[in-house]
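Q: I am new to this structure and would like to learn how to read it. Can we go through it feature by feature?

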Amino acid sequence: METPGSQSSLHRANLERVVRAVRMAGSLTQAEIARSTGLSAATVSNIVRELKDSGTVDVTPTSAGGRRARSVSLSGDAGIVVGIDFGHAHLRVALGNLAHKVLAEQAEPIDVDASASQGFDRAEQLVKELLDSAGIDRRKIIGVGLGVPGPIDVETGTLGSTAILPGWAGTNPRDELEARLGTPVHVDNDANLGALGELVWGSGRGVADLAYIKVASGVGAGLVMGGQVYRGPGGTAGEIGHITLDESGPVCRCGNRGCLETFTAARYVLPLLAPGYGSELTMPQVVTLARDGDPGCQRVVSDVGRHVGRGVANLCNLLNPSRLVLGGDLAEAGDLVLDPVRDSVARYAIPSAARQLSVVSGALGSRAEVLGALALVLNEMGDAPLLSAPPEAVAASR
């Protein structure tokens, strides 16, 4: 039995620190592990050797700063994680390993009016199809990340009221998928997963404090503080879409007037263009037309950017993030939308906070949420299972 403060418990703690650092980053050199964990280079070298011998990590030659180095990543055979993202009209599923490599991915449209049960049926089938096509045994799945476009009650796991998937309110997506897939499921809203995806794989890499704003059928924010997603005690942090811009403005689905969402979300913005462009216009089409020089679409995109910037200015004053990552369809407009965001931030935010903020488009596009679902599993799974693999599993991974 290990006792607190004993040599064996200290060694175990150091093993977990190294595994956790590699798990979160995907791959690190030994020097980077030493810097991130505070362990000495000699201790890291010994631990990496032990983890390599047990089959927990893979070590490959690389270079850093022009010098030879060794890159450490979790073994590709250590397990598989699954990411599932439900949106307003899409379902996307991805498979990844613990070395942060995406192994397979597929997306398809779904009926927004379909029941939750129908959605879960299709997600289960899509996971099976990807596993079969990649030749992966289902028993290798160690966790599933699930993204849904609505608030999740952190105590019960139920999905709150959502106008995006109206037939899903009151369901428990975690319990439903765990029963179907027989593996732990971690659930979060789409904006938080977009933030995680960009933090690990995209425009947020290397940043400890950022806000990810997704403008689509609704408007939401994923907030990263100190390298961790901030959800608040009830799981509803980041509802930037319901900041009031105009107390006499349009009535919002939340019951208030003039929320940011009523000036920026697709279902409010597209009707402005309907008289001249038709009722079948979509936001991706608006963005394409704006990039091609259409003045009406450029004006709408610019107006949306200005309104988003006012909401971002509030975040700057409250939380002082160092980076804003804009996601959703609107992000494809580039500087046509980013420049108005920057202008509003400069006007409405405290000058010192505005100067410290960089405003960029997301690098992952529509994949941000499903990759964030993979990152959610990697973040939540813990390190103990990786350090207590049965001997036959270790032997098989060599």
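**Reading pockets and sheets**

A: We can start with a pocket. The model is a predicted one. In the largest pocket, strand β10 provides the largest share of the lining, three residues.

Q: Which other elements supply at least two residues of the lining of the largest pocket?

A: A lining can be read element by element. Besides β10 (219–225), the elements that each supply at least two residues are β5, α6 (190–201), β9 (210–215), α8 (266–277) and α9 (283–291).

Q: What is the volume of the largest pocket, and which residues lie nearest its centre?

A: Its volume is about 920 Å³. The lining has 43 residues, and those nearest the centre are Asp190, Lys214, Ala216, Ser217 and Gly218. By class, the lining of the largest pocket holds 18 nonpolar, 16 polar and nine charged residues.

Q: How much space lies in the second largest pocket, and which residues are closest to its centre?

A: The second largest pocket holds about 540 Å³ of space. It is lined by 19 residues, with Met24, Ala25, Leu199, Val200 and Gly206 closest to the centre. Two or more lining residues come from each of α1 (7–25), β1 (27–29), α6 and β11 (228–230). Helix α6 gives the most, with four residues. The classes here are ten nonpolar, eight polar and one charged.

Q: Now the sheets. What is the strand order of the open sheet that contains β9?

A: A sheet is read across its strands, from one edge to the other. This open sheet of five strands has the order β11-β10-β9-β12-β13, and its pairing is mixed. The edges are β11 and β13 (358–361); each has a single partner strand, so one side of each is left without a neighbour in the sheet. From one strand to the next, the twist averages 25°.

Q: In which sense do β9 and β12 pair, and what stands opposite Lys214?

A: A pair of strands is read by direction and by its bridges. β9 and β12 (323–327) are parallel, joined over five bridges. Opposite Lys214 stands Gly327 in β12. Lys214 is also among the residues nearest the centre of the largest pocket.

Q: Which helices lie against the sheet of β9 and β12?

A: For a helix on a sheet, look at the strands it touches and at its direction. Helix α10 (295–319) touches β9, β10 and β12, and its direction makes about 155° with that of β9. Helix α11 (335–348) lies across β12 and β13, at about 160° to β13.

Q: What is the order of the open sheet that contains β5?

A: This is an open sheet of five strands in the order β6-β5-β4-β7-β8, with mixed pairing. Its edge strands, β6 (102–109) and β8 (185–189), each pair on one side only. Neighbouring strands here are turned by 15° against each other on average, direction ignored.

Q: How does β5 pair with β4 and with β6?

A: β4 and β5 are antiparallel over seven bridges, and they form a hairpin with three residues between them. Seven bridges also join β5 (90–97) to β6, again in the antiparallel sense. The hairpin of β5 and β6 has four residues between the strands, and His100 there takes a positive phi near 65°.

Q: Which residues are the bridge partners of Leu95?

A: Partners can be followed from strand to strand. Leu95 in β5 is the bridge partner of Val82, while in β6 the partner of Leu95 is Ala104. Elsewhere along β5, His90 stands opposite Pro109 in β6.

Q: Is β5 mostly covered or mostly open?

A: β5 is mostly covered, with seven of its eight residues buried. Helix α4 (116–134) lies across β4 (80–86), β5, β6 and β7 (141–148), running at about 35° to β5. A second helix, α5 (173–181), lies across β4, β7 and β8, at about 150° to β8.

Q: Is Glu155 buried or exposed, and where does it lie?

A: Glu155 sits in the loop between β7 and α5. Its relative accessible area is 73%, and exposed means over 50%, so Glu155 counts as exposed. The C-alpha atoms of Glu155 and Gly309 are separated by 33 Å, and the two residues are 154 residues apart along the chain.

Terms used:
Residues are numbered from 1 along each chain as its sequence is written. This is a predicted model: local features need pLDDT of at least 70, side-chain atom pairs count only at pLDDT 80 or more; totals for chains, interfaces and linings use all residues. Side-chain values use heavy atoms; hydrogens and water are left out. Two strands pair if DSSP finds at least two bridges between them. Axes are lines fitted to C-alpha atoms, for helices over the stretch in contact, and angles run from 0 to 180 degrees between N-to-C directions. Contact means heavy atoms within 4.5 Å. Buried means under 20% relative accessible area, exposed over 50%, partly exposed in between (1.4 Å probe, protein chains only). On a 1 Å grid over the protein atoms alone, a cavity is a set of points where a 1.4 Å probe fits but cannot get out, and a pocket is an open set with protein on both sides within 12 Å along at least five of seven lines; lining residues have an atom within 4 Å of a point. Grid points are joined across faces, edges and corners, and a volume is the space filled by probe spheres set on the points. Ala, Val, Leu, Ile, Met, Phe, Trp, Tyr, Cys and Pro count as nonpolar, Asp, Glu, Lys and Arg as charged, and the others, Gly among them, as polar.
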